[in-house]
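Dear colleague,

I am passing on a structure that will be new to you. Please open it first, and then read the notes underneath.

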Amino acid sequence: YRDDDDINDVASMAGVNLNEESARIMATNSDLVGTQIQSCKDEPFLAAIPLHKRILEMAKKLGITDVPAEVVTFISHATQNRLRTVLEKVTVITQHRMESYKDDEWYEQATDVRSQLKFFEQLERLEKQRKDEQEREILLKAAKSRSRQEDPEQARLKQKAKEMQQQELAQMRQRDANLTALAAIGPRKKRKLDSPGLLTIGGEGIGMSGGSQAGLGTPSSRQYARQKITRVNLRDFIFYMEQERETSHSLLLYRALLK
C-alpha cells in the first residue's frame, strides 16, 4: 500500500484502476452512448389518417399546406398524455367524494338529517293513525245506533262504516292467504356462490377450496382478482373543470352545467 490512509480504499486494495476501467467501458460501448433503445414499436394513440386529415383542414386555414407525419405522432402522444392527466385528476376527485369520514376518530356528527326525517315521518304516521281511529270510532257508533228517525247524514255514516268493515275483512283474508302461501313454499334457500370457498377482502376475491373427495391431502387454491371500479360522474368532471384555469371559463363547462 502507498499510504496508511489508503487502507479504506477497496479499489486500490484490489489493484483496480477506475480510470482505466471507465475508459475501457466507454471504448467498448461507444456506439450505444447517446442512443435510445426501445423494446416495442412506438404506436400512436389516435388513428393517424383521420387525425392527419383534421390537422390539414385546420392548417389550411392558416396557410400551411404540408404537415409531416412526425407532427401527427407528436399530437397523438400529447392527446394521450393530456387524457391520462385528466383521468388521474378526476379519479382523485371521485375517491375524495366517495371517502367516508365516519370511522375517523376526529369525526363529530353535527346534524343527522336522515334521523330527523324519520322522526317527522313517524309523527305523521302516528297522527294519521290517530285520525283513522277517531273516524273508525265515529263510524262504529253510527253503525250501532238504532234511532227510528234517521237523517241522511246518519245513513251515509252507516254505509261508510259497512264499507270500512268489508275492507278490513278483505285485508285480513289477503293477509291470511299470503301467510298460507309462504308456509306452503317453505323457507327461502340461500343462493349458492359460484365458488364455495370464495373470500372477498377489499374488492379482491381469494378462493381456497380443497378436494372434497381427496380429503385434506393436497388443497388447491385459486386467486380471483377483482379490480376495484371507480365510477366517475358528470359532477366530478364539472368540479375538475371549475378548478382548472384552462376550463374554468370554457364553453364546455357552461354546457355541462346546463345538463
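The notes below deal with a pocket and then with a nonpolar core.

This is a predicted model, in which local features need pLDDT of at least 70 and side-chain atom pairs count only at pLDDT 80 or more, while totals for chains, interfaces and linings use all residues. Residues are numbered from 1 along each chain as its sequence is written, and side-chain values use heavy atoms, with hydrogens and water left out.

The largest pocket (an open set of points on a 1 Å grid over the protein atoms alone, where a 1.4 Å probe fits, with protein on both sides within 12 Å along at least five of seven lines; lining residues have an atom within 4 Å of a point) holds about 300 Å³ of space, a volume being the space filled by probe spheres set on the points. Its lining has 13 residues, of which D132, E133, R136, M164 and E168 lie nearest the centre. Helix 5 (113-144) and helix 6 (152-185) each supply at least two lining residues, helices being DSSP runs of H or I with at least four residues, numbered from the N terminus, and helix 5 gives the most, with eight.

The largest nonpolar core (buried Ala, Val, Leu, Ile, Met, Phe, Trp, Tyr and Cys residues joined through side-chain atoms within 4.5 Å) consists of V86, V90, I93, I238, Y240, M241, L253 and A256, where buried means under 20% relative accessible area with a 1.4 Å probe, protein chains only. Helix 4 (69-98), helix 7 (234-243) and helix 8 (251-258) each give this core two or more residues. In helix 7, the buried residues are D236, I238, Y240 and M241.

With best regards

Conventions. Buried means under 20% relative accessible area, exposed over 50%, partly exposed in between (1.4 Å probe, protein chains only).
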